[in-house]
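New to this one? Here is a quick briefing to read alongside the sequence and the model, sorted by topic.

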Amino acid sequence: MIEMTRLYLKRLKDEGIKPRVHGNGFIQLDITKETRLHIWGHRAIPRQRTPTPIHDHVFGFTSHVIVGRIININYDMVPFSGSGGYFRIFEPVIREGEDTILEYSHETCDVEVAHVDTMMVGDNDMYVMQPY
């Protein structure tokens, strides 16, 4: 997997394709239309103003991890009945030609931990994330 990644990176460099910074604080490089390289872990990588450590995806994906460790915490959303929950709910809004921005939906909730996946992964290891 590491050697294949090096070959992809060389091809992308030769084609002038450059990485970009994702709003969640990682570097993203589109290797193919359906394959991306994400580089996580440095706090100096810029992030969007609204932090989104708890979020879902409308799409599923398979991730091949070259090196590192993934800790994925799955939460159940608990609608809040009262003056407000602890977490504010944001909705993504697409900006033309760019990624999405997050707008506050004026709803709140609490969360409960459903389960924790600690994925110790390395060369050729992978995990699958289902949508939502």
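Let's start with a sheet: three strands line up in the order E1-E2-E3, pairing in the antiparallel sense and forming an open sheet. Its edges are strand E1 (20–22) and strand E3 (36–39), each of which pairs on one side only. On average, neighbouring strands here are turned by 35° against each other, direction ignored. Keep in mind that this is a predicted model.

**The chain as a whole**

- The secondary structure adds up to one helix and eight strands.
- If you walk along the sequence, you meet them in the pattern α-β-β-β-β-β-β-β-β.
- The chain has 132 residues, and buried ones make up 17% of them.
- About 10500 Å² of the chain is exposed, with carbon and sulfur atoms supplying 54% of that area.
- Take the contacts between residues at least 6 apart in sequence: 58% of them join residues at least 24 apart.

**Inside the three-stranded sheet**

- How many bridges pair strand E2 with E3? Strand E2 (residues 26–30) and E3 pair over four bridges, in the antiparallel sense.
- To get from E2 to E3, the chain makes a hairpin through five residues.
- Two facing pairs are handy landmarks here: leucine 29 stands opposite leucine 37 in E3, and isoleucine 27 stands opposite isoleucine 39 in E3.
- As background, side chains in a regular strand alternate between the two faces of the sheet.

**A closer look at leucine 37**

- Leucine 37 sits in strand E3.
- Is leucine 37 buried or exposed? Its relative accessible area is 14%, and residues under 20% count as buried, so leucine 37 is buried.
- Leaving aside neighbours within four places in sequence, leucine 37 is in contact with Thr5, Leu9, Ile27, Gln28, Leu29, Ile31 and Ile66.
- One of those contacts, Leu29, is also the residue that stands opposite leucine 37.
- Histidine 64 is 27 residues from leucine 37 in sequence, and the C-alpha to C-alpha distance between the two is 9.3 Å.

**Salt bridges in the helix**

- The structure holds four salt bridges. The general idea is simple: side chains of opposite charge can pair when their charged atoms come close.
- Lysine 10 and aspartate 14 meet through their side chains in a salt bridge, 2.9 Å from N to O.
- What separates lysine 10 and aspartate 14 along the helix? They are four residues apart in helix H1 (residues 2–15), so about one helical turn lies between them.
- Lysine 10 and aspartate 14 are both exposed.
- Arginine 11 and glutamate 15 form a salt bridge as well, with 3.2 Å from N to O.
- Arginine 11 and glutamate 15 also lie in helix H1, four residues or about one turn of the helix apart.
- Arginine 11 has a relative accessible area of 30%, so it counts as partly exposed, and glutamate 15 is partly exposed too, at 49% relative accessibility.

**Salt bridges in the sheet**

- The side chains of aspartate 30 and arginine 20 meet in a salt bridge, 2.9 Å from N to O.
- This pair links distant parts of the chain, with aspartate 30 in strand E2 and arginine 20 in strand E1, 10 residues apart.
- Aspartate 30 is partly exposed at a relative accessible area of 26%, and arginine 20 is partly exposed at 35%.
- Which residues are joined into one network by salt bridges that share partners? They are Arg20, Asp30 and Arg36.

**A nonpolar patch on the surface**

- Ile54, Ile71, Ile73, Tyr75, Val113 and Val116 form a nonpolar patch on the surface, with about 490 Å² of accessible area together.
- Strand E5 (68–79) and strand E7 (100–121) each supply at least two residues of this patch.
- Which strand gives the largest share of the nonpolar patch? That would be E5, with three residues.
- Valine 116, one of the patch residues, is found in strand E7.
- Valine 116 has 45% relative accessibility, so it counts as partly exposed.

Terms used: Residues are numbered from 1 along each chain as its sequence is written. This is a predicted model: local features need pLDDT of at least 70, side-chain atom pairs count only at pLDDT 80 or more; totals for chains, interfaces and linings use all residues. Side-chain values use heavy atoms; hydrogens and water are left out. Two strands pair if DSSP finds at least two bridges between them. Axes are lines fitted to C-alpha atoms, for helices over the stretch in contact, and angles run from 0 to 180 degrees between N-to-C directions. Buried means under 20% relative accessible area, exposed over 50%, partly exposed in between (1.4 Å probe, protein chains only). Contact means heavy atoms within 4.5 Å. Accessible areas come from the Shrake-Rupley method with a 1.4 Å probe; for residues, only the protein chains shown count as cover. Patches are made of residues with over 30% relative accessible area and no salt bridge: like charges are joined within 9 Å, nonpolar side chains (Val, Leu, Ile, Met, Phe, Trp, Tyr) within 5 Å.
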